[in-house]
Amino acid sequence: MKAPKKVFVCSECDSQFPRWSGQCPSCRAWNTLNEETYRAPAKQSMASVRPESKEKAQTFGNMEDSEASRIVTGIGELDRVLGGGLVPGSAVLLAGEPGIGKSTLLMQLCGKADDNYTVLYVSGEESKNQLKLRAQRLGVAEADVLVLTETDLDSVINEYDRISPDVVIVDSVQTMVSASVDSFAGSPTQVRECSSQLILRAKADGCAIVLVGHVTKDGNIAGPKTLEHMVDAVLNFEGDRSQSHRIVRAIKNRYGSTNEIGVFEMTDCGLEEVDNPSAMLLAGRPKGVSGSCAVCVMEGTRPLIAEIQALVTPTAYASPKRMADGIDFNRMCLLLAVLEKRLGFKFSQCDVYLNVIGGLRIDEPAADAAIAMALISSLKDIPVPAELIVAGEIGLSGEVRAISSAEQRAKEAERIGFSRIALPKRSVQKKAPRLQDSQVVPVTGIYDLAAILAAANKENNG
Ligand code: TYD
Ligand code: MG
């Protein structure tokens, strides 16, 4: 056998190079080349006969119907994100920052799971004692869960074969080590090898596998990019560690809709489901203060009301400061430019800070109108009326464009107690939301938003 060779593998695109360099010559990512050992696969002789294929191609009509019966985890918000529960034979990657609550959530899943299912919890991070203490704290110590503290992949697979569970949880995939790879735990090759072996093994038996993945400093899932392609669903654990609520978001799901979120609150006895996330996100909303505007965004199939806060102050620097938390920075710059050009507001002389309350990330263009409203409100120091909620996408000419699910959003706003709902005129014309006693305000452009604020100001002063 040849001596192992050193190669440098890019963790972004998986390209291999004989030498290290700061930038990957293939995908141009910086600082992604890691040294690994490469063993060439044994050469097959040309004379070897190709083995007969096990699978034959067939039409849909000839395939067996298998309405996958899902394993309901018993944690409603998690089931929602998964699309109704874990699918047997599927692989789920749960990624998140350290200490955000991944192990806690999965330990609770072990406790809640139906007694008919065997759950194996493999931990490579904590000792038996630590796990037991956590289980007692979460009140799941009595549950029938099999716990294995092991990092060696072969031992894990041996134990898996002996038990043949219905669900296996691997916490975390970065701690697993395969003896067949000469590389340290957590390296891209090691992560790829361990995950693929575990996933193959579990899929063959129809066992659902949940892998815990660490994230890097900049929030990406550590290890090779291929890891995300190997699994059927990727769930991201988000939230501010200094605050108590946590959001689990599906960023890929072959068995359900993506962008679905589950909302939890971290308490003394573990993660608790939040039934009414809109109310939680709006709790503590200041009254009569400028710069705050409520918005209704769609998270998957569920409308969610969040609060956007803006702070606009005269700048003391040559180039004004801009900061956006929970909103795309470039989107904020674009909206500022539109407001400046179309309404003549002098944002270029001001520092602008923008924040979404509750660690929520809003990517939906339907939040544009609320962002603009918060910005104008702070600049002019006029509070947005407390009973008003705004939704709409803003175009470059300052027009407010139609949005999807206008009725659903309006209904959620009404349920939470908003009595005036500003929506794009086109969304209202197509299908007016049927509301009980809220007023729908149709808006066509950003000047309408400014006019609503001006009217509110007049009312306050007069
Ligand atoms: P953990 O699940 O260990 O995080 P991860 O596996 O994602 O690294 O969560 C640890 C944090 O959660 C820790 O800061 C303590 C906190 N916590 C609670 O607040 N309440 C609880 O009941 C538990 C078990 C943990
Ligand atoms: Mg953990």
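Let's start with Arg201, which counts as partly exposed at 27% relative accessibility (buried means under 20% relative accessible area, exposed over 50%, and partly exposed in between, using a 1.4 Å probe and protein chains only). You're looking at a predicted model, so local features need pLDDT of at least 70 and side-chain atom pairs count only at pLDDT 80 or more, while totals for chains, interfaces and linings use all residues. Residues are numbered from 1 along each chain as its sequence is written, chains are lettered from A and ligands numbered from 1 in the order in which they are written, and side-chain values use heavy atoms, leaving out hydrogens and water.

**The whole chain**

- The chain's secondary structure adds up to 12 helices and 21 strands (these are DSSP runs numbered from the N terminus, with helices being H or I of at least four residues and strands being E of at least two).
- The C-alpha trace spans about 90 × 55 × 55 Å along its principal axes.
- The chain has 462 residues, and 47% of them count as buried.
- Take the contacts with a separation of 6 or more: 65% of those in the chain are between residues 24 or more positions apart (a contact means heavy atoms within 4.5 Å).
- About 23,300 Å² of the chain is exposed, with carbon and sulfur atoms supplying 49% of that area (areas come from the Shrake-Rupley method with a 1.4 Å probe, and for residues only the protein chains shown count as cover).
- There are 51 positive and 58 negative side chains, and the centres of these two sets sit 7 Å apart (Lys and Arg count as positive, Asp and Glu as negative, with His and the chain ends not counted; each charge is placed at NZ of Lys, CZ of Arg, CG of Asp or CD of Glu).

**Salt bridges**

- Searching the whole structure turns up 19 salt bridges (a side-chain nitrogen of Lys or Arg within 4 Å of a carboxyl oxygen of Asp or Glu).
- Back to Arg201: it pairs up with Asp205 in a salt bridge, where the closest N and O atoms are 3.6 Å apart.
- Arg201 and Asp205 are 4 residues apart in helix 5 (residues 188-205), which means about one helical turn separates them.
- Asp205 is partly exposed, with a relative accessible area of 41%.
- Asp161 gets involved here as well, since a network of salt bridges links Asp161, Arg201 and Asp205.
- Over in helix 4 (residues 153-163), Arg162 and Glu159 sit 3 residues apart, about one turn of the helix.
- The side chains of Arg162 and Glu159 form a salt bridge at 2.6 Å, N to O.
- Arg162 is exposed with a relative accessible area of 60%, whereas Glu159 is partly exposed at 22%.
- Lys203 has a salt bridge with Asp232, and their closest N and O atoms are 2.9 Å apart.
- That pair joins distant parts of the chain, 29 residues apart: Lys203 is in helix 5, and Asp232 is in the loop between helix 6 (226-230) and strand 9 (233-238).
- Lys203 is partly exposed at 34% relative accessibility, but Asp232 is buried at just 3%.

**Helix 10**

- Helix 10 (residues 406-416) has these buried residues: Ala406, Glu407, Arg409, Ala410, Glu412, Ala413 and Glu414.
- Their cover includes helix 7 (277-282), strand 13 (292-299) and helix 11 (425-430).
- Right after helix 10 comes Gly417, which has a positive phi near 115°.

**Three residues to look up**

- Thr175 is in the loop between strand 7 (167-171) and helix 5, and it counts as buried at 17% relative accessibility.
- The Thr175 side chain reaches the backbone oxygen of Ser172 at 2.6 Å (a polar contact is a pair of N or O atoms within 3.5 Å; within protein, one must be able to donate a hydrogen and the other to accept it, and residues adjacent in sequence count only if both atoms are side-chain atoms).
- Apart from neighbours within four places in sequence, Thr175 contacts Gly124, Glu125, Thr151 and Ala185.
- Arg246 belongs to strand 10 (residues 245-253) and is buried, with a relative accessible area of 4%.
- A polar atom of the Arg246 side chain lies 2.7 Å from the backbone oxygen of Ile100.
- Not counting residues up to four places away in sequence, Arg246 touches a list of residues including Phe237, Asp240, Val263 and Leu271.
- Tyr117 is in the loop between helix 2 (102-112) and strand 5 (119-123), and it is partly exposed at 26%.
- Leaving out residues up to four places away in sequence, Tyr117 touches Arg70, Ile71 and Asp166.
- Tyr117 and Tyr255 are 138 residues apart in sequence and 20 Å apart in space, C-alpha to C-alpha.
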